[in-house]
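Good morning, and thank you for making time for this item. Please keep the sequence and the structure in view while I speak.

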Amino acid sequence: MAESLHTVLSKSFVPKLDLRDRENLSIKEKQTTYKLSFGKRRASVAYQVDGNIISDGNKCDYLILARQDAATANDEKWKSVFVELKATDVEHAVKQLDATLNHALFKHPSVNEVHARLVAKSFPANNANPAYEKAKRQFKKNHPGCTFKQVTSGHPDRID
């Protein structure tokens, strides 16, 4: 069996949150917080992408990996959650998520479920920021297998 994305990353990078069984996790940067619930205990780990895994160009802040329920011990599959924490400038945040998902390292066969989360203190009302709405549409077109969601800082998100 091939190595999982977590195994590949852990050889070169120290996780922000170590791999362990947890039902919830929280990541905070400056005044923006992402809270994630898995609905049940599952092995999960978080890596800092910005300035750690990727040091130049556009990139998101964090990658959370959560182990899927496996049919066998040799069938290790993972959910990936790419997280960008922003106080403002949500249009740029979408570009950062897009660039990170396009990075070859993260296109790994052990990941069979991909999520992108933009976490901000507030979001513009629909159509109040046409550039942001256009960036979201383009992201969804570029990554059709990825669920994109905007989450207000401090509010819980759930991925079962």
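**Cores, helices and rings**

In this model, which is predicted, the largest nonpolar core has 29 residues, and L65 and L118 are those with the most contacts inside it. Two or more residues come to this core from each of α1 (5-10), β2 (32-48), β3 (62-67), β4, α2, β5, α3 (130-142) and β6 (146-152). Its largest share, five residues, is given by α2. As a general remark, nonpolar side chains tend to be buried together in soluble globular proteins.

Let me stay with L118 for a moment. Which residues does L118 touch, not counting those up to four places away in sequence? They are E84, K86, V90, A93, V94, L97, F123, Y132, F148, K149, Q150 and V151. There is also a second, separate core of 15 residues, with F38, A66, L85 and V119 among them.

I turn next to the helix pair. The axes of α2 and α3 come within 8 Å, and they cross at roughly 15°. Because the limit for this class is under 35 degrees, α2 counts as roughly parallel to α3. The crossing in which α2 passes α3 is left-handed. On the α2 side, the contact is made by V90, E91, V94, L97, D98 and L101; α3 contributes A131, Y132, A135, K136, F139 and N142. V90, V94 and L97 of α2 and Y132 of α3 have already appeared as residues that L118 touches.

Now the aromatic rings. How many aromatic pairs are there? The count comes to two. In one of them, the ring centres of F82 and F106 are 5.4 Å apart with the planes at 75°, so this pair is edge-to-face. F82 belongs to strand β4 (residues 78-86), while F106 sits in the loop between α2 (90-102) and β5 (111-120). The two are 24 residues apart, and the pair thus links distant parts of the chain. F82 and F106 are both buried.

The other pair is F139 with F148: the centres lie 5.2 Å apart and the planes stand at 50°, so the pair is tilted. F139 has 1% relative accessibility and therefore counts as buried. F148, at 14%, counts as buried too. Both rings tie back to what I have described, since F139 is one of the α3 residues in the helix contact and F148 is among the residues touched by L118.

I come now to strand β2, where S44 is found. Is S44 buried or exposed? With a relative accessible area of 0%, S44 is buried. Leaving aside neighbours within four places in sequence, its contacts are D18, L19, R20, R22, L25, F38, L65 and A66. Of these, L65 is one of the two residues with the most contacts inside the largest core, and F38 and A66 are included in the second core.

L19, in strand β1 (residues 17-29), has 33% relative accessibility and counts as partly exposed. Beyond four places in sequence, L19 touches H6, A43, S44, V45, R67 and W78.

Finally, K30 lies in the loop between β1 and β2. From L19 to K30 there are 11 residues in sequence and 24 Å in space, C-alpha to C-alpha. K30 is exposed, its relative accessible area being 77%. Its phi is near 55°, a positive value in a residue other than glycine. For context, most residues other than glycine have a negative phi.

Note on methods:
Residues numbered from 1 in each chain as written. Predicted model: local features only at pLDDT ≥ 70, side-chain atom pairs only at ≥ 80, totals over all residues. Heavy atoms only, no water. Phe/Tyr/Trp six-rings, centres within 6.5 Å; stacked < 30°, edge-to-face > 60°. Helix = DSSP H or I, 4+ residues; strand = E, 2+ residues; numbered from the N terminus. Buried < 20%, exposed > 50% of the residue type's maximum accessible area, 1.4 Å probe, protein only. Core = buried A, V, L, I, M, F, W, Y, C linked by side-chain atoms within 4.5 Å. Contact = heavy atoms within 4.5 Å. Axes fitted to C-alpha atoms, helices over the stretch in contact; angles between N-to-C directions. Parallel < 35°, antiparallel > 145°, perpendicular 65-115°, else oblique. Left-handed = near helix turned anticlockwise from the far one by under 90°.
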